Amino acid sequence: MAIARSKLTAQGQISVPVDVRKKLGIGPGSVLEWEEEGNKIVVRRAGRFSSEDIHRALFGAQTPTTRSIGELKEGIRRYARKRYARG
């Protein structure tokens with residue numbers, strides 16, 4: 001069931017209904033991205049960076065080693081100690 005409806009203007013513009021703006025957390029200047037998923041078009045708020053962008057920036061094409069929660073916590077502790085020891 002549709003949550004809202006919009007009408008297309010002659011200039012190809014639409015208004016995003018207030019309920020949709022609230023759900024997406026968008027306002028003036030927000031960027032929306034349109035994606036095709038099968039036979040549907042999905043509209044979502046564009047993030048600055050996706051998790052894939054961040055992963056590629058950190059690791060390149062390599063797949064990171066799987067770590068346990070304990071190993072991740074210890075790595076964060078070491079990083080924090082090292083970082084705040086400089087301060």
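1. Let's start with a term you will need: a residue counts as exposed when its relative accessible area is over 50%, as buried when that area is under 20%, and as partly exposed in between. R81, at 51% relative accessibility, therefore counts as exposed. Please keep in mind that this is a predicted model.

2. R81 is a good place to begin looking at charged pairs. R81 and E74 form a salt bridge, with their closest N and O atoms 3.9 Å apart. E74 also has a salt bridge with R78, and here the closest N and O atoms are 4.0 Å apart. How far apart are R78 and E74 along helix α3? They are four residues apart in this helix, which spans residues 69–86, so about one helical turn separates them. E74 itself has a relative accessible area of 29%, so E74 is partly exposed. Follow the shared partners and you will find E74, R77, R78 and R81 joined into one network of salt bridges.

3. Now try another pair, E37 and R44. Their side chains meet in a salt bridge, at 3.3 Å from N to O. Are these two residues buried, partly exposed or exposed? E37 has 38% relative accessibility and so counts as partly exposed; R44, at 27%, counts as partly exposed too. If you want to hunt for others, a search of the whole structure finds five salt bridges.

4. Next, have a look at the largest pocket. Rolling a probe the size of a water molecule over the atoms shows where empty space is left. In this model, the largest pocket holds about 340 Å³ of space. Its lining is made up of 14 residues, and those nearest the pocket's centre are S6, I14, V20, W34 and V43. Which elements each supply at least two residues of the lining? They are α1 (18–24), β1 (32–37) and β2 (40–45). Sorted by class, the lining has eleven nonpolar residues, two polar ones and one charged one.

5. Finally, find P17, which sits in the segment before α1. With a relative accessible area of 22%, P17 falls between the two cut-offs and is therefore partly exposed. Which residues does P17 touch, leaving aside neighbours within four places in sequence? Its contacts are A4, R5 and S6, and S6 is also one of the residues nearest the centre of the largest pocket. For a sense of scale, try P17 and E35: they are 18 residues apart in sequence, and their C-alpha atoms are 19 Å apart in space.

Conventions:
Residues are numbered from 1 along each chain as its sequence is written. This is a predicted model: local features need pLDDT of at least 70, side-chain atom pairs count only at pLDDT 80 or more; totals for chains, interfaces and linings use all residues. Side-chain values use heavy atoms; hydrogens and water are left out. On a 1 Å grid over the protein atoms alone, a cavity is a set of points where a 1.4 Å probe fits but cannot get out, and a pocket is an open set with protein on both sides within 12 Å along at least five of seven lines; lining residues have an atom within 4 Å of a point. Grid points are joined across faces, edges and corners, and a volume is the space filled by probe spheres set on the points. Ala, Val, Leu, Ile, Met, Phe, Trp, Tyr, Cys and Pro count as nonpolar, Asp, Glu, Lys and Arg as charged, and the others, Gly among them, as polar. Buried means under 20% relative accessible area, exposed over 50%, partly exposed in between (1.4 Å probe, protein chains only). Contact means heavy atoms within 4.5 Å.
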